[in-house]
Amino acid sequence: MKRYLLIRILSLIPLWLGISVLAFALSNLAPGDPATVLAHRLSDAPPTEEQIAAIRGQYQLDAPLPVRYARWLGAAVRGDLGRSYRTKEPVLKELAARFPATLQIALGALAIALVIALPLGVLAAVRRGTWLDHTARVGALLGASVPSYWLGYLLILVFALGAGWLPVAGRDGAGAAVLPALTLGLGAAATLARLTRASLLEVLGEDFIRTARAKGLDEWAVVWRHALKGALIPVLTVTVIAYGHLLGGAVIVEGIFAWPGVGNLLVNSIYDRDYPMIQGFVLFMGMIFTVLNLVADLSYLWIDPRIRLAHERRART
Amino acid sequence: MRHRADHRYKFFATSLGLSLCLVLFACCTGRRTGTAHELVIGARADDYIIEPLKSKLGMYPLNVQICEPLVRINSDYEIEPLLATAWEQRGDTWRFFLRPGVVFSDGQPFTSAAVKYTFDRLVRGDRAGTYQHVYLDENSVRVVDDLTVDITPARPNERLLEQIGHANYGIVAPGNEPANAPVGTGPFKLTEYRRGELIAVERNERYWGGRAPLDRLTFRFLPDDTTRVLALQAGEVGMILDAPREQAAALRTQAGMRVVEAPVGRVASIFLNVHGNAPHDLLANKNVRRALALAINRRALIEQVWEGNGELVAAIGPRAMLGTHDALIVGFAYDPQEAARLLTQAGWTPGADGVRVQGGRRLSLTLIGWTEFDTATLEFVQAQLASIGVELRLAKSPDTASYQARLEAGEFDLDLEGPNQNDANPMFLPPLRFYSKSSGKTIRYFAPGGRFDEIIEAGLAATTRDEVMRRSAEAQRLLTDEEVIVIPLAGLKRIYALRADVQGFIPHPSLLNQRWDTISFER
């Protein structure tokens with residue numbers, strides 16, 4: 001078991017290395033030169049080639065790509081993701097300042113998704129084939145299909161403009177996190193509801209459920225105490241992975257709601273070709289995502305004793 | 001085992017509960033609402049530079065009137081006294097007489113030492129050559145006495161007075177670094193800045209001029225156009241900058257709302273790559289360029305695409321910059337028949353698919369556009385040129401960096417831009433992109449050289465405003481009517497939407513010179 005854990009944790013290292021290569025390549029191979037962008041930002045008149053070259057030299061952008069990658073990676077390993085071209089602040093400090101805001105709506109979105117998805121999925125499974133099931137499935141399909149920017153505007157129209165309950169944008173104000181979290185969460189709820197339904201239907205068809213029913217247990221106890229426990233295992237795994245998606249999906253939602261999180265930071269950094277910030281963001285989010293994936297995998301071992309025992313047996317032989 | 005499993009599910013449920021609590025906690029943070037004497041304004045994205053020595057926080061690109069320059073640019077682009085009450089030119093030196101009795105918002109007296117500190121700071125931070133075109137260096141500013149200061153540019157600069165009304169030259173208190181918190185003499189002082197979220201100012205009670213009617217102004221950065229409009233409609237902000245033109249008509253009809261248009265402060269123009277390398281060398285022929293200019297129906301563009309929010313113009317900048325000389329520029333009438341005739345005369349005949357060809361080469365051009373221009377505008381130009389047999393490939397850039405990369409590499413035939421006129425210098429726009437001795441990597445694609453350069457040099461050296469306006473008009477006539485290097489499409493009007501009770505707002509053609517200290521609420 002410990003060996004398995006160790007292998008899984010060590011396997012993150014090549015994964016992170018791959019992410020670092022992608023992060024570096026994606027930002028550096030995009031059209032547009034950060035030195036030119038910076039020179040234009042800092043100058044009222046169009047900058048000369050000499051001025052651009054000076055900036056390029058200052059930020060060591062004139063070195064070959066592999067050399068720059070090695071320098072960046074070397075520093076990143078020591079916990080230094082560089083400094084933003086735009087603000088001159090350490091990238092890690094910028095990410096740390098903005099990440100709580102993104103975490104806030106992502107956590108809210110997850111809570112909303114689960115609150116909606118679990119009862120909906122269970123109801124759809126228990127009342128399979130009824131109008132309730134069909135409605136839930138159509139709702140889930142809609143939730144998964146609607147683009148978040150459209151949903152965001154719709155929610156603003158209903159809850160901010162129509163009802164006046166919630167603010168339109170920004171992080172100030174009562175309930176400011178609710179609409180961005182709801183926009184993010186509804187999409188995730190659709191996925192989780194469909195999964196809960198499918199998973200529960202599978203478990204409800206198993207022998208131990210038939211036994212439970214034969215023993216005279218009422219349907220409520222069969223579903224909520226026996227079936228749901230088994231059905232939630234894949235749901236929990238997907239939930240952990242979905243959380244990573246929610247963090248990433250915040251990029252669009254933060255733009256709509258002027259939410260001061262890392263998503264907005266990334267968009268501005270891309271516009272400015274702020275390489276250290278883009279690279280730092282991709283690496284940081286990539287690491288979070290891979291760790292969440294690992295947590296999801298390990299949660300199987302933790303929750304399902306059958307899998308844990310199988311691993312232990314394999315380790316003994 | 002069952003006991004342990006139950007614990008796991010309880011943990012899961014608890015985590016879920018905690019998440020909900022977190023969201024509820026977030027809901028309980030204090031709400032920022034406008035008070036009776038506070039106006040909240042929805043602005044576009046926060047684009048302030050906050051790097052020390054470079055920072056123009058509160059000044060550029062959104063001037064919230066914390067700092068004031070020596071002179072002010074009024075809405076007719078005329079110079080008015082501000083921190084300097086008078087000035088005179090002695091050879092290459094400009095002498096400014098400063099307003100007495102002015103104090104900074106922190107109580108320091110405003111003297112010529114502050115002017116020297118401000119300009120020296122700008123020069124020290126001039127790594128990228130920001131002040132190159134103003135020609136200031138570390139020896140340029142000399143304190144004569146407390147209220148007199150001499151500015152001698154490193155090389156003669158007749159345009160200095162017209163240039164230093166720009167918000168970049170806002171005077172800061174000696175020792176102040178605006179990256180931390182700008183301290184100026186303006187009608188407002190900074191109270192809060194949250195990067196990417198808001199900048200808030202309150203009335204400077206020590207202000208030398210008239211007392212601002214409002215206690216506080218908060219500029220909230222709402223980059224998304226639709227969100228900005230929705231925030232106005234929901235009453236979260238009392239006014240929005242840069243209301244999207246497609247929503248202006250709806251806002252006009254909404255009860256309790258007003259839409260205000262600023263006079264034209266910039267012109268959407270197509271710049272033609274006349275010195276491009278193959279395949280972008282088709283516009284070397286002047287008849288082809290003239291045909292393009294005649295084929296675009298500008299009135300239809302304004303009415304059908306821009307919903308009336310534009311103005312027919314012939315020049316490349318605001319009319320006010322040319323005085324009485326704007327009549328020198330004739331412009332182009334819409335005449336597709338003549339356009340077709342010119343193309344035929346130039347040897348381009350219609351091919352099988354309607355696109356003109358010559359020697360096996362198609363008359364196919366690439367149009368790039370500054371990011372703010374929407375696809376509808378680009379497609380309109382495309383359709384207009386298609387009607388005379390010109391194929392136009394649209395290369396809309398997703399962001400400024402990729403646009404600049406394409407522009408500087410010369411991978412275009414036509415470039416749609418709308419440069420702002422933010423200072424009072426009539427000789428700002430013509431040399432900016434077309435004077436062969438100007439800085440910038442794109443000059444080589446546009447510069448006509450020869451007589452144009454002579455006009456620019458005469459304009460830069462002109463000693464009267466009328467003379468410089470005349471030279472600017474001559475330069476623009478050469479760029480448009482004569483050489484067809486620029487095709488002006490229409491003057492762009494900045495659109496503001498505000499609550500009906502917001503009074504006293506006088507839109508300036510340049511947002512950078514917009515005054516906020518005239519705004520009040522209707523009683």
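In this predicted model, the largest nonpolar core has 162 residues. The residues with the most contacts inside this core are Ala106(A), Ala109(A), Leu110(A), Ala113(A), Ala189(A), Leu192(A) and Leu246(A). Helix H6 of chain A, residues 91–126, gives the most to the core, with 21 residues. Chain B takes part as well. Its domain 1 (10–44 + 187–263 + 494–521) and its domain 2 (71–169) both give residues to this core, so the core lies between them. Leu192(A) shows what the surroundings of one core residue look like. Leaving aside neighbours within four places in sequence, Leu192(A) is in contact with Ala113(A), Leu114(A), Ala117(A) and Gly121(A). Its other contacts, counted in this way, are Val235(A), Val238(A), Thr239(A) and Ala242(A). Another core, of 75 residues, lies apart from the one that holds Leu192(A). Among its residues are Ile73(B), Trp348(B), Leu367(B) and Leu489(B).

Chain B is described next as a whole. It contains 14 helices and 24 strands. A compact globule of 523 residues would have a radius of gyration near 24 Å; the value for chain B is 26 Å, which agrees. Along the principal axes, the C-alpha atoms of chain B fill a box of roughly 85 × 80 × 50 Å. Of the 523 residues, 49% count as buried. Among contacts in chain B with a separation of 6 or more, 68% are between residues 24 or more positions apart.

The domain assignment divides chain B into three parts: domain 1 (10–44 + 187–263 + 494–521), domain 2 (71–169) and domain 3 (266–492). Between domain 1 and domain 2 of chain B, 10 residues of the former are in contact with nine of the latter. On the domain 1 side, these residues divide into five nonpolar, three polar and two charged.

Chain B also meets chain A. Here 50 residues of chain B are in contact with 57 residues of chain A. Helix H1 (2–27), strand E10 (216–221), helix H4 (225–233) and helix H10 (400–408) of chain B each supply at least two residues to the side that touches chain A. The largest share, 11 residues, comes from H1(B). By class, this side of chain B has 21 nonpolar, 17 polar and 12 charged residues.

Several strands of chain B pair into sheets. Strand E7 (residues 148–151) is joined by four bridges to strand E5 (residues 93–98), and the two run antiparallel. Phe97(B) has Thr148(B) as its bridge partner in E7(B). Strand E6 (residues 141–145) is also joined to E7(B) by four bridges, again antiparallel. There, Val143(B) is partnered with Val149(B). E6(B) and E7(B) form a hairpin, with two residues between them. In a regular strand the side chains alternate between the two faces of the sheet. E7(B) shows such alternation: Val149(B) and Ile151(B) point to one face and are buried, while Thr148(B) and Asp150(B) point to the other and are not.

An open sheet of six strands in chain B has the order E14-E21-E13-E20-E18-E19, with mixed pairing. Strand E14 (310–311) and strand E19 (391–396) stand at its edges. Each has a single partner strand, so one side of each is left without a neighbour in the sheet. Within this sheet, four bridges join strand E13 (residues 266–272) to strand E20 (residues 414–417), and these strands run antiparallel. Phe271(B) has Asp415(B) as its bridge partner in E20(B).

Another open sheet of chain B has three strands in the order E15-E16-E17, with antiparallel pairing. Strand E15 (349–350) and strand E17 (361–362) stand at the edges, each with a single partner strand, so one side of each has no neighbour in the sheet. E15(B) pairs with strand E16 (residues 356–358) over two bridges. Thr349(B) stands opposite Val357(B) in E16(B).

One residue of domain 1 closes the survey. Val259(B) is placed in strand E12 (residues 257–261) of chain B. It has 19 C-beta neighbours inside 10 Å and therefore counts as partly exposed; a buried residue needs 20 or more. Not counting residues up to four places away in sequence, Val259(B) touches Ala243(B), Ala248(B), Leu251(B), Arg252(B), Ile495(B) and Ala497(B). Phe221(B) is 38 residues from Val259(B) along the chain, and their C-alpha atoms are separated by 20 Å.

Definitions and conventions: Residues numbered from 1 in each chain as written. Chains lettered and ligands numbered in written order. Predicted model: local features only at pLDDT ≥ 70, side-chain atom pairs only at ≥ 80, totals over all residues. Rg over C-alpha atoms; globule rule 2.2 N^0.38 Å. Buried ≥ 20, exposed ≤ 12 C-beta atoms within 10 Å, placed from the backbone. Contact = placed C-beta atoms within 7 Å. Core = buried A, V, L, I, M, F, W, Y, C linked by C-beta atoms within 7 Å. Domains from an automatic or database assignment. Pairing = 2+ DSSP bridges. Nonpolar A, V, L, I, M, F, W, Y, C, P; charged D, E, K, R; others polar.
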